[in-house]
Amino acid sequence: MHYYIKKCISLGLVGAMTLFSLSINDSIMAKSQSKLITKKLAMYVGEKATINIKMKDKSCAYLFKTNKKVVAKVNKKGEVIAVKKGTAKITVSEKVKDTKKIRKLGVCKVVVSNKNIVIPTQTPVITPECTPEPESTPEPIPIETAVPVCDEFQAR
């Protein structure tokens, strides 16, 4: 009988420890991972845009690197400046601050084009000699000379 009680207690402890360890593993596995939101940017020369990352982790630093600095420049905050017409790819990575572990989040394609410059058509220049003189305001019509109202409208 004594042996049976010890066996039940040990099985209960093993079960409790198993459940506890599973709940710890689930919480570790459930840690959210950062995700690159901005995958494509279409810009004009001289414009600025920001690459967005979803669920940023405060224990990580984010790295941005362009393959063509002549076309698009990017700073450490993810702000992109369009420099010249062309296409560039910006690689976004996440680095855990205390370790050397780096994880690639993705690539953002940047297409830079020249601004469409609209040349305005020439507008005619108005000189004081060409300016038409404003017409005088019309005089109000006296009530006696006004058009009489029909009889059928007056009856209503």
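This report covers the sheets, the main nonpolar core and two buried polar residues of one chain. The model is predicted.

**The four-stranded sheet**

Four strands make up an open sheet. Their order is S2-S9-S8-S5, and the pairing is mixed. S2 and S5 are the edge strands, and each of them pairs on one side only. Direction ignored, neighbouring strands in this sheet are turned by 25° against each other on average.

Within the sheet, S8 and S9 run antiparallel to each other and share ten bridges. One point on that pairing is alanine 88, whose bridge partner in S9 is valine 110.

**The three-stranded sheet**

A further open sheet has three strands, in the order S3-S7-S6. Here the pairing is antiparallel. Strand S3 (48-50) and S6 each have a single partner strand, so one side of each lacks a neighbour in the sheet. The average turn between neighbouring strands of this sheet is 25°, direction ignored.

S3 meets S7 in the antiparallel sense, over three bridges. Lysine 48 has isoleucine 81 as its bridge partner in S7.

**The nonpolar core**

In soluble globular proteins, nonpolar side chains tend to be buried together. The largest nonpolar core of this model holds 21 residues. Leu41, Ile51, Phe64, Val80 and Val110 touch the most other members. Six strands each supply at least two residues of this core: S2 (40-44), S5 (60-66), S6 (72-74), S7 (79-82), S8 (86-96) and S9 (102-113). S9 gives the most, with four residues.

Take phenylalanine 64, one of the core residues that touch the most other members. Apart from its neighbours within four places in sequence, phenylalanine 64 is in contact with Ile51, Ile53, Val74 and Ile90, among others. Its contacts also include Asn75, Lys76, Lys77 and Gly78. Thr91 and Val92 are in contact with phenylalanine 64 as well.

**Serine 34**

Serine 34 sits in the loop between helix H1 (2-29) and strand S1 (35-36). Is this loop residue buried or exposed? Serine 34 counts as buried, because its relative accessibility is 6% and the cut-off for buried is under 20%. Its side chain makes polar contacts with the side chains of tyrosine 62 and glutamate 94.

Neighbours within four places in sequence aside, the residues in contact with serine 34 include Ile53, Lys54, Met55, Lys56 and Asp57. Arg103 and Leu105 are also among them.

**Threonine 66**

Threonine 66 belongs to strand S5. With 11% relative accessibility, threonine 66 counts as buried. Its side chain reaches two backbone atoms: the nitrogen of lysine 68 and the oxygen of alanine 72.

Leaving out neighbours within four places in sequence, threonine 66 is in contact with Ala72, Val74, Ala88, Lys89 and Ile90. Cysteine 108 lies 42 residues from threonine 66 in sequence, and their C-alpha atoms are 9.3 Å apart.

The table lists the polar contacts of these two residues.

| Side chain of | Partner | Distance |
|---|---|---|
| Serine 34 | Tyrosine 62, side chain | 2.7 Å |
| Serine 34 | Glutamate 94, side chain | 2.9 Å |
| Threonine 66 | Lysine 68, backbone nitrogen | 3.3 Å |
| Threonine 66 | Alanine 72, backbone oxygen | 3.4 Å |

Key:
Residues numbered from 1 in each chain as written. Predicted model: local features only at pLDDT ≥ 70, side-chain atom pairs only at ≥ 80, totals over all residues. Heavy atoms only, no water. Core = buried A, V, L, I, M, F, W, Y, C linked by side-chain atoms within 4.5 Å. Buried < 20%, exposed > 50% of the residue type's maximum accessible area, 1.4 Å probe, protein only. Contact = heavy atoms within 4.5 Å. Pairing = 2+ DSSP bridges. Axes fitted to C-alpha atoms, helices over the stretch in contact; angles between N-to-C directions. Polar contact = N/O pair within 3.5 Å; in protein donor to acceptor, adjacent residues only side chain to side chain.
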